[in-house]
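Visitor: I would like to understand the words people use when they describe a protein model. Could you take me through this one, giving the reason behind each word?

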Amino acid sequence: MNPPRNERALVRPHVVTGGRAHPTRNTFGLITLVSAARDQLGGLSPEKRRLMELCRGGSLSVAEIAGHLQLPVSVTKVLLSDLVDSGHIQTTAPLPTTELPSMKLLQEVLDGLRARL
C-alpha cells in the first residue's frame, strides 16, 4: 500500500540526498548560474542525471533547476554541491549590481535602435 502523497513528499528529499540536509559547500544563491561541465552520466542518481540533462542546454539558475526538478531548493543545493565536487557541473556567480549598465546607457541604446528602424 502506498503512503499518502504528502507523506511521500516528506520522505523523498531525505532519500534523494542520502540523508544529508546541507550541501558540502554553501556557495549557491538562488540566482547562481549552473552549467554542465562534462557529459558523463554513469553512476549518477536519477535526480542528478536529470539535473545534468537540464544544464546541457545552457546555464540555468539554482531556482530554475529546483522548479524543473520539483524539489525544494535546499535539496537541489545538496545535489548541486555533489555535482560540483565530482566535476560534473560548474557555477557562475551573477554579475553584481554595480557592474550592470546604467539606465541612462540602456535608454540611449534603445533610442539608437529605434532611430535605425
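Visitor: Which are the buried residues of helix α3?

Guide: This is a predicted model, so every statement here is about a prediction. In helix α3, which spans residues 62-69, the buried residues are Val62, Ile65, Ala66 and Leu69.

Visitor: What makes them line one face of the helix?

Guide: When you look down the axis of α3, the buried residues fall within an arc of 100°, and therefore they line one face. There is a general reason behind such patterns: an α-helix has 3.6 residues a turn, so residues three or four places apart point the same way.

Visitor: What covers the buried residues of α3?

Guide: The cover includes the strands β1 and β2, together with the helices α2 (46-56) and α4 (73-85). After α3 comes Gln70, whose phi is positive, near 55°.

Visitor: Which residues of α2 are buried?

Guide: In α2 the buried residues are Glu47, Lys48, Leu51, Met52, Leu54 and Cys55. Around the axis they cover an arc of only 160°, which puts them on the same side of α2. The helix α2 is followed by Gly58, where phi is positive, near 140°.

Visitor: Why is Lys48 called buried?

Guide: Buried means under 20% relative accessible area. Lys48 has a relative accessible area of 17%, so it is counted as buried.

Visitor: What makes the pair of Asp82 and Lys48 a salt bridge?

Guide: The rule asks for a side-chain nitrogen of Lys or Arg within 4 Å of a carboxyl oxygen of Asp or Glu. For the side chains of Asp82 and Lys48 the distance from N to O is 3.1 Å, and the pair meets the rule. Asp82 lies in helix α4 and Lys48 in helix α2, so the salt bridge ties together parts that are 34 residues apart in sequence. Asp82 also counts as buried, because its relative accessibility is 15%.

Visitor: How many salt bridges are there by this rule?

Guide: The count comes to 2 salt bridges. Besides the pair just described, Arg56 forms a salt bridge with Asp39, and their closest N and O atoms are 3.9 Å apart. This pair links distant parts of the chain, with Arg56 in helix α2 and Asp39 in the loop between β1 and α2, 17 residues apart.

Visitor: Are Arg56 and Asp39 buried, partly exposed or exposed?

Guide: A residue is exposed over 50% and buried under 20%, with partly exposed in between. Arg56 has 42% relative accessibility, so it counts as partly exposed, whereas Asp39, at 58%, counts as exposed.

Visitor: In what order do the strands form the sheet?

Guide: The 3 strands form an open sheet in the order β2-β1-β3, and their pairing is antiparallel.

Visitor: Why do β2 and β3 stand at the edges?

Guide: β2 (60-61) and β3 (89-92) each have a single partner strand, so one side of each is left without a neighbour in the sheet.

Visitor: How do you know that β1 pairs with β2 and with β3?

Guide: Two strands pair if at least two bridges are found between them. β1 and β2 are joined in the antiparallel sense over 2 bridges, and Leu33 stands opposite Ser61 in β2. Strand β1 (residues 33-36) is joined to β3 by 4 bridges, also antiparallel, and Val34 stands opposite Thr91 in β3.

Visitor: Which residues form the nonpolar patch on the surface?

Guide: The patch is formed by Leu105, Val109 and Leu113, with about 260 Å² of accessible area together. Leu105, which lies in helix α5 (residues 103-116), has a relative accessible area of 42% and is therefore partly exposed. A patch residue must have over 30% relative accessible area, and Leu105 at 42% meets that.

Visitor: What pattern does the chain follow along the sequence?

Guide: The chain has 5 helices and 3 strands, and along the sequence they follow the pattern α-β-α-β-α-α-β-α. Of its 117 residues, 29% are buried. The chain exposes about 8,000 Å², of which carbon and sulfur atoms supply 56%.

How values were computed: Residues are numbered from 1 along each chain as its sequence is written. This is a predicted model: local features need pLDDT of at least 70, side-chain atom pairs count only at pLDDT 80 or more; totals for chains, interfaces and linings use all residues. Side-chain values use heavy atoms; hydrogens and water are left out. Patches are made of residues with over 30% relative accessible area and no salt bridge: like charges are joined within 9 Å, nonpolar side chains (Val, Leu, Ile, Met, Phe, Trp, Tyr) within 5 Å. Accessible areas come from the Shrake-Rupley method with a 1.4 Å probe; for residues, only the protein chains shown count as cover. Buried means under 20% relative accessible area, exposed over 50%, partly exposed in between (1.4 Å probe, protein chains only). The arc is that of the directions from the helix axis to the C-beta atoms. Contact means heavy atoms within 4.5 Å.
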